[in-house]
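Subject: Structure handover

Hi,

Here is the structure I promised to pass on to you. Please open it alongside this note, and my findings follow below.

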Amino acid sequence: DSAKNTADQRPTIPKRPFASFEDPFLSGNADRMTSPQLVRYTFEALEAWSRERAVERTPEQTPLEFAQLLGAQVPQIAREVTQAAQLYTRVAYAAKSPSKDRLETLERLWRQLRT
């Protein structure tokens, strides 16, 4: 029980707001990032965007489960969210680098998140 109390007293790190993420396709940073960096950055931004819409990814949720939940809540971005989660899963867990043509999904997702 004392371990639980200690854990409860740890300061929580505020989560980064979506507004702090710059669209790498508008800024030109997408061209300077590696494919895995771009995928991770976009997925972090997506998590921030969804948190602000009361759809927070829980620690036990896989990226694909999170994408499924978010896609159900915001159907107009479901396809891009699922594809971004698939890319993120490959990068994070299989250490595979996506091809440049697969990254077009991320650019479409950024356009949708901005609107």
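Before the details, one term: two residues are in contact when they have heavy atoms within 4.5 Å of each other. Please also keep in mind that this is a predicted model.

**The overall picture**

The protein has six helices and zero strands, so if you read the elements from the N terminus on, you get α-α-α-α-α-α. Its C-alpha trace spans about 50 × 30 × 25 Å along the principal axes. Of the 115 residues, 38% count as buried. I also looked at contacts between residues at least 6 apart in sequence, and 62% of these join residues at least 24 apart.

**Helix α3**

Most of what I have to tell you concerns α3, which covers residues 35-51. This helix has 17 residues and reaches 24 Å from its first C-alpha to its last, close to the 24 Å expected at 1.5 Å a residue.

How much of α3 is buried? The count is 12 of the 17 residues, so the helix is largely enclosed by the rest of the structure. If you would like to pick them out on screen, the buried residues are S35, L38, V39, Y41, T42, F43, A45, L46, E47, A48, W49 and S50. They pack against α2 (24-27), α4 (63-73), α5 (78-93) and α6 (104-114).

Three positions along this helix are worth a visit:

- L38 has a relative accessible area of 2%, and because the cut-off for buried is under 20%, L38 counts as buried. Setting aside residues up to four places away in sequence, L38 touches P24, F25, A30, M33, L103 and L106. One of these partners, L103, sits 65 residues away from L38 along the chain, yet their C-alpha atoms are separated by 8.4 Å.
- T42 is also in α3 and is buried, with a relative accessible area of 1%. Apart from neighbours within four places in sequence, T42 is in contact with L106, L109 and W110. L106 is thus a partner of T42 and is found among the partners of L38 as well.
- S50 belongs to α3 too, and its relative accessible area is 0%, which makes it buried. With its neighbours within four places in sequence left out, S50 makes contact with V55, F66 and L70. Of these, F66 and L70 fall within the residue range of α4 (63-73).

**Where α5 meets α6**

The other part I would point you to is the packing of α5 and α6. What is the angle between α5 and α6, and how far apart are their axes? The angle is about 135°, with the axes 9 Å apart. The two helices are therefore oblique to each other, since only angles over 145 degrees would count as roughly antiparallel. α5 passes α6 in a left-handed crossing.

On the α5 side, the contact is made by R79, E80, V81, Q83, A84 and L87. From α6 come T105, L106, R108, L109 and Q112. By class, this contact has five nonpolar, three polar and three charged residues.

L106 and L109 link the two parts of this note: both take part in the contact with α5, and both are partners of T42 in α3.

Enjoy looking around!

Best wishes

Technical notes. Residues numbered from 1 in each chain as written. Predicted model: local features only at pLDDT ≥ 70, side-chain atom pairs only at ≥ 80, totals over all residues. Heavy atoms only, no water. Helix = DSSP H or I, 4+ residues; strand = E, 2+ residues; numbered from the N terminus. Buried < 20%, exposed > 50% of the residue type's maximum accessible area, 1.4 Å probe, protein only. Expected span 1.5 Å × (residues − 1). Axes fitted to C-alpha atoms, helices over the stretch in contact; angles between N-to-C directions. Parallel < 35°, antiparallel > 145°, perpendicular 65-115°, else oblique. Left-handed = near helix turned anticlockwise from the far one by under 90°. Nonpolar A, V, L, I, M, F, W, Y, C, P; charged D, E, K, R; others polar.
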